[in-house]
Amino acid sequence: MSEKKELQFSIFILYSLADAWNMTPVSVYKILNTTGILDDYVIPCYDTLHTLGKEYLVEDITEFVREKGVRI
Amino acid sequence: MTNKIALDSIYKQNLEQDIISFLAKKKNIDIRKAMDVYYNSKLSKQISNNECGIENLDAKYLVEDLMENESELFIN
């Protein structure tokens, strides 16, 4: 990640998921980091993802996390 | 009240962005590495839990504090 806009978007995702999962953003970061979703999906797909709505993003990433075997 | 919760969330998102950006600049590391350091720090948990109103302090001060008190995070 080299640009601040990607950082801002990643933090927005952490907070949106934290709200939906009733967790802290720190706990959400650990899940997205260990599953590789942050480095392999959220950051590299920023150009596409940042055009989508918050509700869709939460639903999409929640499904992805579950596919990785994490219980949410 | 809902607006206050939403505003608090946006305030913290901006604070975390400032902390991570300043940390990256100060330590001359990639933003992604700075993000990892921050979210593995005690500081991030304290901000998340609103401990002692720490979230109201300036981002640059918090970064200095992080570098001084959690130097073990910068090994490697």
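**Exercise 1. Determine whether B:Asp8 is buried, partly exposed or exposed, and describe its salt bridge with B:Lys4.**

Solution. Step one concerns accessibility: B:Asp8 has a relative accessible area of 37% in this predicted model, and it therefore counts as partly exposed, the class between buried (under 20% relative accessible area) and exposed (over 50%), with a 1.4 Å probe and protein chains only. The model being predicted, local features need pLDDT of at least 70 and side-chain atom pairs count only at pLDDT 80 or more, whereas totals for chains, interfaces and linings use all residues. Residues are numbered from 1 along each chain as its sequence is written, chains are lettered from A and ligands numbered from 1 in the order in which they are written, and side-chain values use heavy atoms, with hydrogens and water left out.

Step two concerns the partner: B:Asp8 forms a salt bridge (a side-chain nitrogen of Lys or Arg within 4 Å of a carboxyl oxygen of Asp or Glu) with B:Lys4, and the closest N and O atoms are 2.9 Å apart. B:Lys4 is likewise partly exposed, at 46% relative accessibility.

Step three places the pair: both residues lie in helix α1 of chain B, four residues apart, about one turn of the helix, where helices are DSSP runs (H or I, at least four residues) numbered from the N terminus.

**Exercise 2. Locate the salt bridge between B:Glu64 and B:Lys26 in chain B.**

Solution. The side chains of B:Glu64 and B:Lys26 meet at 3.2 Å, N to O. This pair links distant parts of the chain, since B:Glu64 belongs to helix α4 (residues 59-69) of chain B and B:Lys26 to helix α1 of chain B, 38 residues apart. As for accessibility, B:Glu64 counts as partly exposed at 34%, and B:Lys26 counts as partly exposed at 43%.

**Exercise 3. Characterise the interface of chain B and chain A.**

Solution. Begin with the contacts (heavy atoms within 4.5 Å): 17 residues of chain B are in contact with 20 residues of chain A. Next comes the buried area, which is the accessible area (1.4 Å probe) that two parts lose on being put together, summed over both; for these chains it is about 1,700 Å², with 62% of it on carbon and sulfur atoms.

Then consider the pairs that cross the interface: the rule finds one salt bridge there, in which A:Asp39 and B:Arg32 bring their closest N and O atoms to 2.6 Å. On the side of chain B that touches chain A, α1 (2-27), α2 (31-39) and α3 (42-48) of chain B each supply at least two residues, and the largest share, seven residues, comes from α1(B).

**Exercise 4. Identify which residues have the most contacts inside the largest nonpolar core.**

Solution. A nonpolar core is a set of buried Ala, Val, Leu, Ile, Met, Phe, Trp, Tyr and Cys residues joined through side-chain atoms within 4.5 Å. The largest one has 47 residues, and those with the most contacts inside it are A:Leu32, A:Ile61, B:Ile19, B:Ile20 and B:Tyr39. Helix α1 (residues 4-21) of chain A provides the largest share of this core, nine residues.

To follow one member, take B:Ile19, which touches B:Tyr38, B:Leu43, B:Ile47, B:Ala59, B:Leu62 and B:Val63 when residues up to four places away in sequence are not counted.
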